[in-house]
Amino acid sequence: MSKKSVFRERLRAKEELIGIFVKTPSYNVIEVLGPSDLDFLMLDQEHSPFDLSAIDSCLMTANALDMPTFVRIQQNTATGMLYPLDCGAVGVVVPHVATIEKAEEIAAGGRYAGGRRGFAGTNRAGGYGTKHMNDYIAEADSQTTVIAQIEDVDAVKNIEQIVKVNNIDGIFLGRADLTVGFGATSTSDTVVVDAVKHVCDIARSANMPIAAYAHKSEIAMLRDLGVTMFTVGSEHSLIQNGANQVVADFS
């Protein structure tokens, strides 16, 4: 059984999952990180220069190494989800899901049966036409993971509706954008802390998995809020920290 095939099951079971963002659009980065002990990678198309070709080659490499890999998509639409999923992403993180209508759109975009995901079995996810249509649909619908990023003031207001949408598999806390949205100066400002706590309380009451970006010093606090899926940096931070450590080792 592959790591990719059981990722959604592990997320929904609230196993602790640790991954990093990937911001360099190169399959070589995936080739280096693929054999690591990380539970997942997340290609950051939203804030990095990933074009469709780079997404394709990175996901090809991730699939070959059985490293579950998400794409945080740039355009928060069902159409924006389609190419990464066709290329074999284990799932997508969709930015700025602030309304029940947007949540329903992306939930439908991640599913064939009962949804509105456009079918093309001749892509990588469909085995380039080698998988029987019904088998592929069943596999895709059971394994595709759709995560809604909660990062807007309106999303906080609408969180009780968002977490009730069927086939939204988890939420991702966008604390930096919430800080900007509330006009605060830090993620530790009271208005942001209260908003995040409210979102997490509602998510836990709905048995909804919670993901978040976390610095090492924040992990215990986020665990207390119910976060079980952590992105703990990127390959950029790994390179910077490694370079600084090289210098420190000589001091």
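Proline 84 lies in helix 4. This is a predicted model. Proline 84 is a good place to enter it.

**Helix 4 and its surroundings**

Buried or exposed: which describes proline 84? Its relative accessible area is 2%, so proline 84 is buried. Proline 84 touches Ile55, Leu59, Val71, Ile73, Ala89 and Val92, once neighbours within four places in sequence are set aside. Leucine 52 is 32 residues from proline 84 along the chain. In space, the C-alpha atoms of the two are separated by 8.3 Å.

Helix 4 covers residues 78–86. Proline 84 has buried company there: Gly80, Met81, Leu85 and Asp86 are buried too. What do the buried residues of helix 4 pack against? Two helices are on the list, helix 3 and helix 5 (100–109). Three strands join them: strand 3 (69–72), strand 4 (91–94) and strand 5 (145–150). After helix 4 comes glycine 88. The phi of glycine 88 is positive, near 105°.

Helix 5 has its own buried set. Lys102, Ala103, Ile106, Ala107, Ala108 and Gly109 are the buried residues of helix 5. Their cover includes helix 4, strand 4, strand 5 and helix 8 (159–162).

**The nonpolar cores**

Now turn to the cores. The largest nonpolar core holds 58 residues. Which residues have the most contacts inside this core? They are Ile168, Ile171 and Leu173. Helix 10 (residues 190–205) is the top contributor to this core, giving seven residues.

Take isoleucine 168 on its own. With neighbours within four places in sequence left out, isoleucine 168 is in contact with Ala103, Ile106, Ala107, Val146, Ala148, Ile162 and Met208. Three of these names, Ala103, Ile106 and Ala107, also appear among the buried residues of helix 5.

Another core, of 13 residues, lies apart from the largest one. Among its members are Phe40, Ile147, Phe172 and Met229.

**Leucine 11**

Leucine 11 sits in helix 1 (residues 7–12). With a relative accessible area of 2%, leucine 11 is buried. Which residues does leucine 11 contact, leaving aside neighbours within four places in sequence? They are Leu17, Thr145, Ile147, Asp169, Pro209 and Met229. Ile147 and Met229 are also named in the core of 13 residues. Leucine 11 and glycine 170 are 159 residues apart in sequence. Their C-alpha atoms are 8.2 Å apart in space.

**A buried charged residue**

Aspartate 44 belongs to strand 2 (residues 40–44). Why does aspartate 44 count as buried? Its relative accessibility is 0%, and buried means under 20%. The side chain of aspartate 44 has a polar contact with the side chain of arginine 72, at 2.9 Å. Arg72 is also among the residues that aspartate 44 touches, not counting residues up to four places away in sequence. The others are Phe21, Val22, Lys23 and Phe50.

**Two exposed loop residues**

Next come two loop residues. Each has a positive phi and is a residue other than glycine. The table sets them out.

| Residue | Phi | Loop | Relative accessible area |
|---|---|---|---|
| Tyrosine 128 | near 55° | between helix 5 and helix 6 | 54% |
| Asparagine 207 | near 60° | between helix 10 and strand 7 (210–213) | 52% |

Why do these residues count as exposed? Exposed means over 50%. Tyrosine 128, at 54%, is exposed. Asparagine 207, at 52%, counts as exposed as well.

**The largest pocket**

Last comes the largest pocket. Its volume is about 340 Å³. How many residues line the largest pocket? There are 23. Lys4, Asn63, Gly88, Glu139 and Gln143 lie nearest the centre. Gly88 has come up before: this is the glycine with positive phi that follows helix 4.

Two elements give two or more residues to the lining: helix 3 (52–64) and helix 6 (133–143). Helix 6 gives the most, with four residues. What is the lining made of: how many residues are nonpolar, polar and charged? The lining divides into 10 nonpolar, seven polar and six charged residues.

Technical notes:
Residues numbered from 1 in each chain as written. Predicted model: local features only at pLDDT ≥ 70, side-chain atom pairs only at ≥ 80, totals over all residues. Heavy atoms only, no water. Core = buried A, V, L, I, M, F, W, Y, C linked by side-chain atoms within 4.5 Å. Buried < 20%, exposed > 50% of the residue type's maximum accessible area, 1.4 Å probe, protein only. Contact = heavy atoms within 4.5 Å. Polar contact = N/O pair within 3.5 Å; in protein donor to acceptor, adjacent residues only side chain to side chain. 1 Å grid on protein atoms, 1.4 Å probe; cavity = no way out; pocket = protein on both sides within 12 Å on 5 of 7 lines; lining within 4 Å. Points joined across faces, edges and corners; volume = space filled by probe spheres on them. Nonpolar A, V, L, I, M, F, W, Y, C, P; charged D, E, K, R; others polar.
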